[in-house]
Amino acid sequence: MFEITVDDAKFWKNCVDAIANLVDEGTFEVKEDCIQLKAMDPSQIAMVVFSAPKTSFSIYSVTSAGKISLNIDSLSKILARSRSNEKLSMHAEENKLELEFSSENNKRSFKVPLIDIPAGAQKEPKIEHDARILLKPSAFKEVLKDAALLSSHLTLEATSDGFTIDVKGDSADLLAQSANVGDVVQEMQAKNKARATFPLQYLDDMVKACPDDAQLVLNLKTNTPLKIEYAIGEAKIAYYLAPRIEAE
Amino acid sequence: MFEITVDDAKFWKNCVDAIANLVDEGTFEVKEDCIQLKAMDPSQIAMVVFSAPKTSFSIYSVTSAGKISLNIDSLSKILARSRSNEKLSMHAEENKLELEFSSENNKRSFKVPLIDIPAGAQKEPKIEHDARILLKPSAFKEVLKDAALLSSHLTLEATSDGFTIDVKGDSADLLAQSANVGDVVQEMQAKNKARATFPLQYLDDMVKACPDDAQLVLNLKTNTPLKIEYAIGEAKIAYYLAPRIEAE
Amino acid sequence: MFEITVDDAKFWKNCVDAIANLVDEGTFEVKEDCIQLKAMDPSQIAMVVFSAPKTSFSIYSVTSAGKISLNIDSLSKILARSRSNEKLSMHAEENKLELEFSSENNKRSFKVPLIDIPAGAQKEPKIEHDARILLKPSAFKEVLKDAALLSSHLTLEATSDGFTIDVKGDSADLLAQSANVGDVVQEMQAKNKARATFPLQYLDDMVKACPDDAQLVLNLKTNTPLKIEYAIGEAKIAYYLAPRIEAE
């Protein structure tokens with residue numbers, strides 16, 4: 001069905017981790033020009049949309065497009081076992097995905113069973129967000145750690161003046177303010193003020209795999225799902241996260 | 001009431017850690033020339049006495065002296081979130097302490113609620129100790145780890161010949177002997193032989209925050225509370241610890 | 001009875017760790033020309049055989065050969081407390097082993113009680129293995145980690161073509177193949193095909209103490225105990241491990 005090789009197994013590991021941070025199982029669509037995956041998290045409040053073009057791979061030979069469903073968590077653990085000088089080849093057998101790591105004189109082949117996942121009509125939401133904030137990933141990860149001291153939720157707010165994170169906790173409150181350009185925010189546009197509250201654990205899971213040298217983009221609109229985007233090499237990852245709507 | 005700024009937030013973090021290692025809650029007395037704190041640990045066998053002069057801070061503006069009681073543990077966790085290039089400003093609001101970390105274009109403000117602590121008449125004990133031992137902090141910490149393998153208590157002894165640590169355990173006994181000058185003991189005076197037994201966990205907590213380049217001073221007298229002293233920058237910390245009195 | 005000194009306490013620590021990884025208690029035979037130990041693990045499926053010649057030690061003075069039985073786990077923890085610049089001297093007292101770590105102006109003496117272990121007639125098995133495989137320790141340790149993802153057992157196979165590790169797991173299967181010379185296998189001879197299955201945890205414990213620059217030797221024969229050998233400095237360590245015999 002397909003034969004795909006990546007020279008740097010770490011690239012594919014990082015892609016799969018970005019998915020595994022949100023879902024345990026998923027279906028890769030192996031198309032002629034790209035690999036895609038869309039999946040809702042088990043609690044149905046978040047979605048991950050992944051796409052890697054064929055140019056991300058050194059060999060990308062797909063004789064017929066198809067779907068393979070896998071335990072993403074097992075796949076992530078196996079990819080974590082890649083060594084630095086190894087090449088990774090993947091091909092589907094009847095009911096297994098074979099992952100072959102090879103270097104000179106040695107090869108290791110993991111065969112991961114395919115699983116059945118009911119085909120859901122998972123559509124990517126179409127939202128016109130009011131604010132788009134480009135953040136330095138490490139700086140945003142640090143603020144999430146600040147917030148984690150205090151609460152399980154945080155409120156994001158964007159205005160034309162800048163970007164604010166607000167946390168109410170039992171032991172303390174936190175207000176983190178960044179001007180619209182600086183160490184944390186690298187660039188931002190806000191057509192209107194946008195403000196919404198999100199569960200911290202999900203935000204954490206969504207930014208965990210973001211490379212330090214990538215640009216992390218937050219798309220925000222009041223009481224509307226957040227969209228987080230970043231690239232891993234040539235691959236693109238997007239997450240959607242439902243806000244917590246509070247009575248005013 | 002006051003506005004205090006420290007250019008290096010790590011300094012204040014280290015001070016608060018030295019207190020937090022012994023007590024969960026405490027009352028800072030913010031005076032015109034210094035900040036002080038005295039507190040007994042919950043089991044009442046140990047005491048911490050802390051003092052930082054106004055010169056430790058880059059801005060120290062106290063309009064009226066006052067007391068603020070805080071959960072020291074929460075404060076320590078918040079201070080641990082300081083970044084390397086940040087300045088820390090503290091000021092008291094009606095019932096909160098505001099900690100503002102700021103760097104160019106970004107600021108984070110934590111508001112920590114003040115708590116009620118009954119004002120105790122905590123007096124610092126006046127003891128004329130028989131021996132004064134200046135130790136290399138890292139060397140003393142290592143001996144405490146040796147002791148922790150074997151028992152929950154250890155016996156300290158100072159004579160004119162040197163300094164001895166004695167541990168009786170189930171799996172082994174330990175006798176650690178240091179001459180009165182060397183790698184472990186940097187200098188010592190012993191008017192009389194002094195020997196007493198202390199709980200290891202408390203000693204551990206008391207030396208944990210001692211900077212590696214500080215001088216750790218032990219003041220010892222037979223079956224009398226131990227006094228441990230060291231400096232963190234210009235601030236001074238002292239601990240008292242009751243001995244375990246054993247039937248002879 | 002004896003007075004033994006080693007200039008580099010880490011050497012003796014590594015030796016004792018290699019034993020402690022398999023057994024909790026053991027009897028050292030202190031002979032005129034070497035120290036030896038043979039012990040079965042508590043479940044009786046594995047054995048360790050250790051020997052260090054007198055030339056491993058800077059002082060080796062044995063007035064009468066004898067045996068000392070010890071809690072090896074306690075001994076290992078005490079040896080882990082050696083500092084980098086310390087010399088270690090060991091001598092037996094009536095019912096204790098004294099370990100004295102010393103540097104200029106400081107000494108620490110641990111006294112470990114001797115214990116009673118029934119003298120077992122532990123004979124080293126005599127097996128003529130069919131294959132002998134010299135492995136790079138770090139590469140073999142990595143394959144054991146691969147296997148640990150999937151199962152508690154693995155199958156080793158040697159043929160004239162190379163060395164294979166085979167794991168059947170719930171989440172995936174693994175087949176790791178190494179040519180008879182390369183990054184993993186440094187050299188091997190196989191008179192006949194040899195294949196047997198072993199518990200992963202034991203293999204892990206047996207290779208844990210193998211220095212990265214040592215040669216790890218596996219001696220393999222179908223459905224027969226495996227022998228693993230390596231050197232720690234001048235000392236030699238060998239382990240035997242019973243295979244899991246499966247109905248065909």
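A residue counts as buried if 20 or more other C-beta atoms lie within 10 Å of its own, as exposed if 12 or fewer do, and as partly exposed in between, with C-beta atoms placed from the backbone. The model is predicted: local features need pLDDT of at least 70, side-chain atom pairs count only at pLDDT 80 or more, and totals for chains, interfaces and linings use all residues. Residues are numbered from 1 along each chain as its sequence is written, while chains are lettered from A and ligands numbered from 1 in the order in which they are written.

**Exercise 1. Describe chain A as a whole.**

Step 1. Take burial. Buried residues make up 40% of the 248 residues in chain A.

Step 2. List the elements. Chain A has four helices and 18 strands. Helices (H or I, at least four residues) and strands (E, at least two) are DSSP runs, numbered from the N terminus.

Step 3. Check the compactness. The radius of gyration of chain A is 20 Å, close to the 18 Å from the globule rule for 248 residues, so chain A is as compact as a globular protein of that length. The radius is taken over C-alpha atoms, and the rule is 2.2 Å times the number of residues to the power 0.38.

Step 4. Add the extents. The C-alpha trace of chain A spans about 60 × 35 × 35 Å along its principal axes.

**Exercise 2. Is α2(A) enclosed or open?**

Step 1. Six of the eight residues of α2(A) are buried, so this helix is largely enclosed by the rest of the structure.

Step 2. Name them: A:Ile72, A:Ser74, A:Leu75, A:Ser76, A:Ile78 and A:Leu79.

Step 3. Find the cover. It includes α1 (9–20), β2 (25–30), β6 (66–71), β8 (96–103) and β9 of chain A. Contact here means C-beta atoms, placed from the backbone, within 7 Å.

**Exercise 3. Which elements of chain A touch chain C?**

Step 1. Count both sides. 16 residues of chain A are in contact with 17 residues of chain C.

Step 2. Assign them. α2 (72–79) and β9 (106–113) of chain A each give two or more residues to the side that touches chain C. β9(A) gives the most, with seven residues.

Step 3. Look at the pairing. Six bridges join β9(A) to β13 (residues 173–179) of chain C, and the two run antiparallel. Strands pair if DSSP finds at least two bridges between them. A:Asn106 stands opposite C:Ser178 in β13(C).

**Exercise 4. Trace the sheet shared by chains A and C.**

Step 1. Write the order. The open sheet of nine strands runs β5(A)-β1(A)-β7(A)-β8(A)-β9(A)-β13(C)-β12(C)-β11(C)-β15(C), with antiparallel pairing.

Step 2. Mark the edges. β5 (59–62) of chain A and β15 (194–199) of chain C each pair on one side only.

Step 3. Inspect one end. β1 (residues 2–6) of chain A pairs with β5(A) over four bridges in the antiparallel sense. A:Phe2 stands opposite A:Val62 in β5(A).

Step 4. Place the helix. α3 (residues 137–148) of chain C packs on the sheet, touching β9 of chain A together with β11 (153–159), β12 (162–168) and β13 of chain C. Its direction makes about 165 degrees with that of β13(C). Axes are lines fitted to C-alpha atoms, for helices over the stretch in contact, and angles run from 0 to 180 degrees between N-to-C directions.

Methods
Two residues are in contact if their C-beta atoms, placed from the backbone, lie within 7 Å.
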